[in-house]
Amino acid sequence: MGTARLYAAVAVGGFRRYATYRTATAAGVFTNTVFGLILAYIFIALWDEKPHLGGYDQAQALTYVWLGQALLMTVAVLGGGFEEELIERIRTGDIAIDLYRPADLQLWWLAQDAGRALFHLLGRGVVPLAFGALVFDLALPADLLTWLAFLVAILLGVVVSFAIRFLVALSAFWLLDGAGAAQLAGIAGFFCSGLLLPLNVFPGALGEVVRALPWSSLIQAPVDVLLGTADPLSTYAFQAAWAVGLLAAGRLMQSVATRRVVVQGG
């Protein structure tokens, strides 16, 4: 019970930490809203030319835009969460202190990232989505169960995102500087999460590949659950499979890194 309280406190600390940056949050809300407007009018023009592109009607496509803006920071599509701090601690050697603490390294950062994600969902997600719903005709469901299913998909997306970024951060043990790996992961997230375009729009084999990658769990999967274009249970299974696999890979890398630190320390 004490361990659960510890990680709950870490999550609360993560939430409060990001809540202190009020000016940055307001600027982020404004930026997400502006980009949402730009993408919305691009999508309107595109769907006027090709109705039902990717299996969406125009209202669903516009809903996709605003949900993407709402989730952008929540699932950290472009990075920018805990991984920068963890990479720096590995670079400076402070990670040795973390590894000797009685708290699990992976669970500690996961709890902190969960707090960050919750803040961004509430602080930077709600306002752009509400603005989009006021200005455009969105296909938002009235069914509470659909919204609950959407939240579960978001939670799984946050875990997948964390697992990817944890692996990226731990690569600094071998690369000395994980900035390059973080940038590559950000680029992959930008193109393969569905942030730029719905992955259903991608043709042929390319579409099948990007939809099978873990980044599709971040935006494409939760949005499809809300829009009712994907079965929630199969979506959860897909996200959970990636989450378990990536977390296990991260734990393996953590074990190898810990042995390396112990050997060097000895």
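Let me start with residues 148–176, where the span is 93% helix and 0% strand, with its end C-alpha atoms 42 Å apart. Please keep in mind that what we are looking at is a predicted model. That stretch is one of the segments which UniProt, in an unreviewed entry, places under "transmembrane region", the others being residues 24–44, 64–82, 117–136 and 233–250. Over residues 64–82 the chain is 42% helix and 0% strand, and here the end C-alpha atoms are 27 Å apart.

Turning to the interior, the largest nonpolar core has 44 residues, and W66, V77, F136, I219 and V223 are the ones with the most contacts inside it. Several helices give two or more residues to this core, among them α2 (22–49), α3 (58–71), α6 (105–135) and α7 (144–170). If we leave aside its neighbours within four places in sequence, W66 is in contact with a list of residues that includes N32, G36, L37, P128, F131 and F136. There is also a second, separate core of 15 residues, which includes L86, L99, L105 and W109.

Now to the empty space, where the count comes to 2 cavities of 30 Å³ or more. The largest holds about 90 Å³, and of the 14 residues lining it, A76, V77, G79, R165 and A185 lie nearest its centre. Helix α7 gives the most to that lining, with 4 residues, and by class the lining has 9 nonpolar, 3 polar and 2 charged residues.

The second largest cavity, at about 50 Å³, has a lining of 8 nonpolar, 3 polar and no charged residues, with the largest share, 4 residues, coming from α3.

Notes: Residues are numbered from 1 along each chain as its sequence is written. This is a predicted model: local features need pLDDT of at least 70, side-chain atom pairs count only at pLDDT 80 or more; totals for chains, interfaces and linings use all residues. Side-chain values use heavy atoms; hydrogens and water are left out. UniProt positions are given in the numbering used here, feature names are shortened, and annotations may be inferred rather than shown by experiment. A nonpolar core is a set of buried Ala, Val, Leu, Ile, Met, Phe, Trp, Tyr and Cys residues joined through side-chain atoms within 4.5 Å. Buried means under 20% relative accessible area, exposed over 50%, partly exposed in between (1.4 Å probe, protein chains only). Contact means heavy atoms within 4.5 Å. On a 1 Å grid over the protein atoms alone, a cavity is a set of points where a 1.4 Å probe fits but cannot get out, and a pocket is an open set with protein on both sides within 12 Å along at least five of seven lines; lining residues have an atom within 4 Å of a point. Grid points are joined across faces, edges and corners, and a volume is the space filled by probe spheres set on the points. Ala, Val, Leu, Ile, Met, Phe, Trp, Tyr, Cys and Pro count as nonpolar, Asp, Glu, Lys and Arg as charged, and the others, Gly among them, as polar.
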